[in-house]
Every structure is written in structure tokens, then in C-alpha cells.
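Q: I'd like a close look at one part of this protein, the aromatic ring pairs, with enough of the surroundings to place them. Could you walk me through it?

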Amino acid sequence: KTCNVIQSTIPASSAVTSTTSSTQSVNVTFPSTGQVLPIGNTITIRWNKAPSGIFNIILEQPGGAGAGFVANNLNGSAQGQYTWKVGNIFSTFSNLEQTVPVGTYRLRLQNTNSNSAHDDIVSGWFTIVAPSFSVSDVRPSSSLADNSTAIVLFGSGFSQNNSSVYFDSSTNGIRARNLFVSSDGTVLVFTVPVNVSTGPHTLIVNNGSSGSNASIPFVVTGTQ
């Protein structure tokens, strides 16, 4: 299972509720207390004990507030693990899947048929951090300089506010126009400015405040 099933199975009218209890035992074996998990990584949540019957997995913030659903309507007698793309949750406030901010969280396995927090199973507290910054591919790898064709960069750690694409230099190179950055930071879409010269270039992707750069070859086939 993956988090992609969440949106189709959680009623829009449902709400994430979470309560705390000092007497609860930790039966979630992964992630464990102190674990550091980058956003976008795929992990397997594992537990050696789950609530009986049907339960939800909720991402919980300090203080007991539920950040959103990781999964819902799992069968306690048949499930021992769940595959999760770190940071992805379904929010009943927006009625959309979204990525949570970096911070400290834990997982709560909440019995849907019980109003008692004593029936819930919780993990230890772990930290969700920003993904590492990298560029793995560009598609297409060549294009006209027409300020129109969508060029897609694949990687991790892209930011809507901080990531910029330059041609050949991040200090005096021509800057591309960003069209879109995915919420999980794995996709960045841009166009090639009309004043970029024909021929081979190096795309320099700068991640803003971190000061880190990544590069990948690209060819401009002509101008328009």
C-alpha cells in the first residue's frame, strides 16, 4: 500500500483527532525514537502490535494535534507494515494530500471503533527534515530557446521560493523562468529564455539560502 489511496478512501467530513496518554506503550518498531527522515524518502512503517479491528495511521505533532492521515481503514488482524512517502499526509482541512513542514512528529495507530486513547498505539518521536538537494535528470535534454517549452528537472530538495535555474553560471548566467515546483521538492519545471545561445550548455540549479549548486548538461537547438 502507498499513500496514494488516502484521498479516495477518507471521507471529506472526517476530522483528525488525537489525544495523548502517558500510559501508552510503544509498539511501532519503525520509525523509532530519534529517527531522522528526509521528506520524500519512502519508508516502511512497521509495528509488532496494532489495535484490533479497523484503524487509521495519523501523523501527530507535539501536544497531541493531528497533522493529517498517513493511511486509513487498515485491518489490525492482517497488517504489520505500511509503505509511506515521508511527509505525505491527507488533510481533512484542505481535503487534499499535502506535504507537512519539517519538524518533530510521531505516528498514532488509532482504532476507529474506540474513543479511548488507551486503545491507540504510538511510535516514538522522530524528526522530519528537508530532503537533500540533487538533480538526477532533465527532460527533454534539448529544446528551442522559446520561453515556452516546458523543461522538467527531476531530483530532490527543490523549493518554490529558493531554487533557481541558470545557464552556465549562477552568478552571471541567464536565469530561466520557473513554472512549477512540486510540493515534495522532486520536480521543477522551467522554460528556456529566448536570449540563450544555440549550442551545449550546463544548467546550474541553485538552492538559494543553502548556497548549494547542482548541474546537468542541456542543449539549446535554436532560438525563436
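Before we get to the rings, what pLDDT does the chain average, and what share of the residues score at least 70?

A: Sure. Keep in mind that this is a predicted model. The chain averages a pLDDT of 83, and 83% of the residues score at least 70. The weak spots to know about include residues 1–15, where pLDDT stays under 50 even though the model has 37 contacts there beyond four places in sequence. Residues 17–24 also have a pLDDT below 50, with 22 contacts beyond near neighbours in sequence. Where pLDDT is low, the predicted coordinates should not be read in detail.

Now the setting. The chain has 20 strands and one helix. Of its 224 residues, 46% are buried. Counting contacts with a separation of 6 or more, 63% are between residues 24 or more positions apart.

On to the rings: with a cut-off of 6.5 Å between ring centres, the count comes to three aromatic pairs. One of them is phenylalanine 133 with phenylalanine 158, an edge-to-face pair at 6.2 Å centre to centre, with 75 degrees between the planes. Both partners sit in loops: phenylalanine 133 between strand S11 (126–129) and strand S12 (134–139), and phenylalanine 158 between strand S14 (151–156) and strand S15 (164–167). That puts them 25 residues apart, so this pair links distant parts of the chain. Phenylalanine 158 has a relative accessible area of 6%, so it counts as buried.

Another pair is phenylalanine 167 with phenylalanine 218, again edge-to-face, at 6.3 Å centre to centre and 70 degrees between the planes. Here the partners are in strands: phenylalanine 167 lies in strand S15 and phenylalanine 218 in strand S20 (residues 213–223), so the pair ties together parts that are 51 residues apart in sequence. Phenylalanine 167 is buried, at 3% relative accessibility, and phenylalanine 218 is buried too, at 1%.

For an aromatic residue elsewhere in the chain, take tryptophan 84 in S6, which stands opposite isoleucine 43. Strand S3 (residues 42–47) and S6 run antiparallel and are joined by five bridges. They belong to an open sheet of three strands, ordered S1-S3-S6 with antiparallel pairing. Strand S1 (28–30) and strand S6 (81–85) are the edge strands, each pairing on one side only. Neighbouring strands of this sheet are turned by 30 degrees against each other on average, direction ignored.

Terms used
Residues are numbered from 1 along each chain as its sequence is written. This is a predicted model: local features need pLDDT of at least 70, side-chain atom pairs count only at pLDDT 80 or more; totals for chains, interfaces and linings use all residues. Side-chain values use heavy atoms; hydrogens and water are left out. Rings of Phe, Tyr and Trp (its six-membered ring) pair if their centres lie within 6.5 Å; planes under 30 degrees apart count as stacked, over 60 as edge-to-face and the rest as tilted. Helices (H or I, at least four residues) and strands (E, at least two) are DSSP runs, numbered from the N terminus. Buried means under 20% relative accessible area, exposed over 50%, partly exposed in between (1.4 Å probe, protein chains only). Contact means heavy atoms within 4.5 Å. pLDDT is the predictor's confidence in each residue, from 0 to 100. Two strands pair if DSSP finds at least two bridges between them. Axes are lines fitted to C-alpha atoms, for helices over the stretch in contact, and angles run from 0 to 180 degrees between N-to-C directions.
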